[in-house]
Amino acid sequence: MPSVSVTTVMDYLTEPELLNWYTNNSKAKTKAISDEALRIGGAVDLLVQQDVKEGGYVIPAGDEAIVNCMKAWESFKKDYPSFVPSVLEMQTELRMDEVIGHPDFIHADGITDLKCSTGIRPRYWTQVSQYFRMRFLNYTSDNFVAVLRLDKKLGIYEYKIIKDIEYISYENKIFDAYLLAYNHNRINRELIRLQLEKEFLL
């Protein structure tokens, strides 16, 4: 099977609340908001990577959301001075069978994923736990997964760590269920395509 990213698999089963939001708003509005969220997240990712690698960055002028995220990043670094030195790799491609992923921060004992959302959503733990499984073969009591959220409106951060290996393993099973549903749909789409081709050729 062709490669598929962790995020693509996760996006296949949209949360009911998000689905309702898409349904109750125009396509133009939801696309504009989604595009803006991707723009902010991408820009912040690059600035944070630059800061970790080079010890500095320049924020684009007049972009309040990015300014707030980086303000939160600076507060986080002040409260957790050992974080940046603990980062071994950033955005390294990981692979497990057909699944690929690019976690934001890889440490000696765990994975941290960076988000610019308004809250830490449950699916983030499924995502970061899958990255963890793709990187670490043997689990120990020192292992962890973490989510660092930089608030684009308030300029504050939220940082949560999970060290419970049983919980991480549970989230891995949740991802496997996502992957099963995703692959089932992918196979069905191909079968439907072949059937339609036959009908048109007859």
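Which side chain does the side chain of Ser117 join through a polar contact of 3.1 Å? Some notes on that and a few other spots, bearing in mind that this is a predicted model.

1. **Ser117 and its partner.** The answer is Tyr124: the two side chains make a polar contact of 3.1 Å. Ser117 sits in the loop that runs between β5 (110-115) and α6. With a relative accessibility of 15%, Ser117 falls in the buried class. Leaving aside residues up to four places away in sequence, Ser117 also touches Arg149, Leu150 and Asp151, along with Tyr124.

2. **Helix α6.** Tyr124 brings us to α6, which covers residues 122-135. This helix has 14 residues and spans 21 Å from its first C-alpha to its last, close to the 20 Å expected at 1.5 Å a residue. Twelve of the 14 residues are buried, so α6 is largely enclosed by the rest of the structure. Polar and charged side chains are on that buried list too, including Arg123, Gln127, Gln130 and Arg133. Tyr124, the partner of Ser117, is buried as well.

3. **The largest nonpolar core.** This one has 25 residues, and those with the most contacts inside it are Val6, Val9, Val99, Ile111, Trp125, Val145 and Phe175. At least two of its residues come from each of α1 (6-12), α6, β6 (144-150) and α7 (165-201). There is also a second, separate core of 23 residues, with Ile40, Ile66, Phe76 and Val87 among them.

4. **Val6 up close.** If you want one residue to click on in the largest core, try Val6, which is among those with the most contacts there. Not counting residues up to four places away in sequence, Val6 touches Gln127, Gln130, Tyr131 and Met134, and those four are buried residues of α6. Val6 also reaches Val99, Ile100, Gly101 and Phe175.

5. **The cysteine pair.** Why is there no bond between Cys69 and Cys116? A disulfide is a covalent bond between the sulfur atoms of two cysteines. The sulfur of Cys69 has its closest cysteine sulfur in Cys116, but at 3.8 Å that is too far for a bond; the cut-off used here is 2.5 Å. Seen from Cys116, the closest cysteine sulfur is likewise the one in Cys69. The structure holds zero disulfides. Both cysteines are out of the way: Cys69 is buried at a relative accessible area of 0%, and Cys116 counts as buried at 13%.

Key
Residues numbered from 1 in each chain as written. Predicted model: local features only at pLDDT ≥ 70, side-chain atom pairs only at ≥ 80, totals over all residues. Heavy atoms only, no water. Expected span 1.5 Å × (residues − 1). Buried < 20%, exposed > 50% of the residue type's maximum accessible area, 1.4 Å probe, protein only. Core = buried A, V, L, I, M, F, W, Y, C linked by side-chain atoms within 4.5 Å. Contact = heavy atoms within 4.5 Å. Polar contact = N/O pair within 3.5 Å; in protein donor to acceptor, adjacent residues only side chain to side chain.
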